[in-house]
Amino acid sequence: MSDSNLDNTPNMSNRKIFELIGSAAVDSSAARLGKLSLPGKKVIDTPNFFAVTSRGAVPHLTPDNLTRHTSVNGLYMALEDFIEKKEPPVYQTPGSETSRRLHKFTALPSENISILGPRRSPAVTTPYGNTPKAMTVFTCTGFRSVTVPEYASAVQLLQPDIVLPMAELPHTSTTPSSKKLIRMAERTEVWLDEFLMRLSSSKAPEALGSSVFAPVLPVEYPIQWDYLRHLSEDVLDKIEGLAVYGTNLLPELVNYPPLTPLPKLSMDPPKTPHEVLRQISLGIDICTVGFANSTSDAGVAMTFSFPPPSVDGVQPLGINMWSPEHNVAVVPLVEGCPCYTCTKHHQAYLHHLLNAKEMLGWNLLQIHNHHVIDQFFAGIRETLAKGGQAAFEEAARKFTAAYEPVLPEGTGARPRARGYHFKSEASADRINKPAWVDLDKEASAQIASLAPEPDSRDEVVAVVDVEAAAAALSIS
Amino acid sequence: MASNVYSAPALTFELIAKCSTTRARASILTLPHGPVQLPVFMPVATQASLKGITPEQLEDTGCRLCLNNTYHLGLKPGQEVLDAVGGAHKLQGWNHNLLTDSGGFQMVSLLKLATITEEGVRFLSPHDGSPMLLTPEHSIDLQNTIGSDIMMQLDDVLVTTSPDKARMREAMERSVRWLDRCIAAHKNPDRQNLFCIIQGGLDLDMRRECCREMLARDTPGIAIGGLSGGEAKADYCRVVETCTALLPDLKPRYVMGIGYPEDLIVSVALGADMFDCVWPTRTARFGNAITKRGVLNIRNSKYATDFGPIEPGCGCMCCREGEDGMGITRAYIHHNASKETVAAHLLTIHNVWYQLQLMREIRQSIVEDRFPAYIREFFAGLYEDKTQYPEWAVDALKMVGVDLTI
């Protein structure tokens with residue numbers, strides 16, 4: 001490739017990051033095999049998944065545990081998790097020609113893929129919607145807005161491997177008026193064009209550019225057909241993938257053959273493996289699996305596999321590790337599972353850790369659950385490779401029949417929720433249980449009434465630690 | 001047998017080197033789950049988990065002996081579960097050594113209305129408020145079930161600052177009687193060590209008397225207890241100095257509840273070998289990093305754009321860069337401190353490493369007989385000039401022949 005060639009294609013579309021495998025390639029709306037090869041990264045076989053981070057970290061997993069004990073390839077990060085300060089420190093990370101600032105700031109190993117979008121997945125609803133010029137985001141200190149130029153310069157500084165441009169998504173209402181829907185498509189197109197224009201006018205070195213995955217909106221085809229046409233005809237050379245916010249729309253994409261070879265990242269967060277299978281059968285190549293995090297926080301260990309084992313009866317998708325039946329079970333969370341948690345620890349320990357509110361419990365569940373998901377996707381790829389779409393659809397049907405529709409709910413307390421995790425609402429129940437109660441007011445009477453009469457020759461030693469005593473009392 | 005080795009059924013203690021100036025010693029304590037280099041700091045995994053980090057990550061810091069708390073394990077998961085699982089090593093997947101306290105300290109420090117009688121500690125169950133009794137026999141039974149490599153006797157703990165001399169004497173004498181009961185109740189002397197605990201408050205004569213009584217019972221190791229409870233540091237040092245003067249060379253000496261770096265280095269100079277404290281791991285969760293230049297609160301806004309490691313030159317997983325390290329910056333810890341648990345985990349790894357590395361450096365300097373010079377370097381790192389050195393430390397070190405003022 002000559003230099004002049006590069007000049008003509010400022011957004012590096014001469015390089016091909018995605019390759020489809022097999023005959024399925026022609027049909028964009030079916031399960032398919034592929035390879036995603038980003039520069040400097042390990043090739044990722046698809047279908048596959050990206051983990052979802054909170055403030056740049058896969059919840060509970062230190063970078064060494066992530067590297068040593070999971071096979072997570074890519075991490076989704078949200079700009080809103082980094083910009084609560086007026087001059088966000090993340091922008092000041094020392095960069096170099098070989099390291100990306102977002103990687104450096106979050107201590108993400110360079111072989112991992114970073115995916116940057118404006119908002120968390122799933123995003124907290126903002127009190128007001130976007131404006132023509134700016135998107136409303138939620139930082140840990142409150143709401144603020146981000147304009148397209150701001151976002152574009154953030155991307156140029158942070159250099160994520162993959163970037164999702166700003167998209168106008170439904171705000172509070174799940175059934176917005178048609179006027180609003182039309183505006184969503186129009187605004188997204190304007191924002192996308194401005195974003196692409198700003199990226200291509202930059203002088204950033206080619207080697208560390210970001211692949212743009214253009215948004216596909218969660219609105220009906222008649223409303224965004226022209227926007228999709230714009231993607232497939234006008235800006236195709238500047239985009240390298242699609243970020244699909246509404247997977248229901250996938251069948252309509254057959255109308256745009258030029259979009260078919262692009263890798264499709266689902267930003268329509270699946271809540272169960274069943275939804276993952278559905279998205280894959282509609283042609284999604286990579287899923288973001290935020291439900292791994294919420295399942296671990298719930299104290300649930302995933303137990304499903306693909307293709308499903310042939311056993312009688314409907315199987316649960318996971319085990320609630322809070323359940324007392326595990327308290328002496330010196331067996332892996334899943335028999336035969338080769339993950340760190342299952343080979344080094346056992347159900348009894350997991351149960352104890354949750355019960356004792358020890359943070360290690362969530363840590364070990366994250367390792368196990370991400371492993372189960374990794375194996376689930378490996379099973380999907382293997383099925384597709386061996387038997388093609390028909391075999392996949394058959395196995396997916398069996399999976400639906402073999403497993404319960406939803407993951408079990410954990411029966412204990414989750415990790416403490418932070419301000420950026422949710423938006424508090426008037427008269428809502430407290431999200432976090434109070435860590436202590438006023439022992440002297442509420443509980444001392446209760447304790448005193450249970451106390452035996454002290455032996456007359458005994459000395460009373462009463463050293464009071466309110467917090468510890470109250471924590472102990474909360475058990476009762 | 002060599003004159004520098006002591007053997008008991010479940011441990012051997014090999015004295016490797018003695019400082020020619022201070023009372024500091026370097027030794028190898030071989031326990032049922034492997035050797036431990038002394039002097040040592042033991043991190044506290046209260047509920048069979050070192051706050052958020054995996055046993056593998058703890059192992060990577062070089063830790064070969066950590067604590068569990070008997071009281072907490074007795075509540076959760078409880079003795080029945082421990083029995084069914086096969087002990088605490090198996091529960092937490094830790095193949096190195098464990099030390100457990102007796103549970104007595106938590107009884108009086110955590111619980112309202114605990115009363116101490118000759119029989120034991122009477123308290124109200126935190127589960128249902130029903131009256132319960134912890135006797136020396138119960139404590140040992142529970143520690144036998146836990147299977148710790150080192151068990152502690154149940155002692156009558158009193159705050160050292162208590163003015164009641166008669167009560168202090170009673171506590172000391174009772175602790176001796178309870179040791180006899182603990183020894184009698186101990187079912188696994190071939191694979192678990194039972195250490196005595198010297199009591200006697202700040203009264204040096206009472207401490208001496210207690211030392212004599214406890215030594216007569218010939219436990220494989222000796223702890224100095226009842227300290228770290230708010231007494232003046234100078235008083236603390238006098239007690240440790242008094243006790244170590246009476247203790248045999250060839251047994252490990254454990255000072256309970258000590259963990260500030262300055263306290264560790266001075267206590268080693270006074271002749272102690274083993275220490276534990278929750279402070280390094282607790283303070284990590286508050287966003288504090290322990291360094292050679294003191295404790296840094298990484299939540300301070302000045303660290304928001306500090307892209308250096310937690311401590312330059314530190315060898316922990318967090319601070320190391322490249323293939324075998326994480327390359328964590330202060331800015332990243334600041335970004336997630338008090339927000340994502342990961343920041344707490346990272347500082348926990350760093351702080352545990354710091355404490356263990358400090359002890360490794362101390363040990364190496366004792367072996368090479370340059371410990372006094374190491375003490376000087378250590379204090380010079382913490383303070384700008386000598387006038388800022390804490391008086392208690394200067395005085396304590398003078399007692400053992402190191403004058404920091406010259």
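These are my notebook entries on three places in a predicted model.

**Entry 1. The sheet of chain B**

I began with the N-terminal strands of chain B and looked up how they are arranged. Four strands, in the order β1-β2-β3-β4, make up an open sheet with antiparallel pairing. I then asked which strands of chain B stand at the edges. They are β1 (5-8) and β4 (34-38); each has a single partner strand, so one side of each lacks a neighbour in the sheet. On average, and ignoring direction, neighbouring strands of this sheet are turned by 15 degrees against each other.

I next examined the pairing of β3 with β4. Strand β3 of chain B, residues 25-31, is joined to β4(B) by 5 bridges, and the two run antiparallel. Within this pairing, I found B:Val36 of β4(B) opposite B:Leu29. I also looked for what packs on the sheet. Helix α12 of chain B (residues 341-367) does so, and touches β2 (11-18), β3 and β4 of that chain. The direction of α12 makes about 120 degrees with that of β3(B).

**Entry 2. Helix α4 of chain A**

I turned to chain A and listed the buried residues of helix α4, which spans residues 148-158. They are A:Val148, A:Tyr151, A:Ala152, A:Ala154, A:Val155 and A:Leu158. Viewed down the axis of α4(A), the buried residues fall within an arc of 160 degrees, and therefore line one face of the helix.

I then looked up the partners of these buried residues. In chain A they pack against the helices α3 (101-106) and α5 (178-200), and against the strands β6 (113-117), β8 (142-147) and β9 (162-163). After α4(A) comes A:Gln159, and I noted that its phi is positive, near 50 degrees.

**Entry 3. Annotated positions in chain B**

I consulted the UniProt record, an unreviewed entry, for chain B. Its "binding site" annotation covers B:Asp101, B:Ser102, B:Gly103, B:Gly104, B:Phe105, B:Asp155, B:Gln199 and B:Gly226. I followed two of these positions into the model.

I located B:Asp101 in the loop that links β7 (97-100) to α4 (104-110) of chain B. Is B:Asp101 buried or exposed? I recorded 30 C-beta neighbours inside 10 Å, so B:Asp101 counts as buried. Leaving aside residues up to four places away in sequence, B:Asp101 touches B:Asn69, B:Thr70 and B:Met152.

B:Phe105 belongs to helix α4 of chain B. I recorded 23 C-beta neighbours inside 10 Å for B:Phe105; the cut-off for a buried residue is 20 or more. B:Phe105 therefore counts as buried.

Key. Residues are numbered from 1 along each chain as its sequence is written. Chains are lettered from A and ligands numbered from 1 in the order in which they are written. This is a predicted model: local features need pLDDT of at least 70, side-chain atom pairs count only at pLDDT 80 or more; totals for chains, interfaces and linings use all residues. Two strands pair if DSSP finds at least two bridges between them. Axes are lines fitted to C-alpha atoms, for helices over the stretch in contact, and angles run from 0 to 180 degrees between N-to-C directions. Two residues are in contact if their C-beta atoms, placed from the backbone, lie within 7 Å. A residue is buried if 20 or more other C-beta atoms lie within 10 Å of its own, exposed if 12 or fewer, and partly exposed in between; C-beta atoms are placed from the backbone. The arc is that of the directions from the helix axis to the C-beta atoms. UniProt positions are given in the numbering used here, feature names are shortened, and annotations may be inferred rather than shown by experiment.
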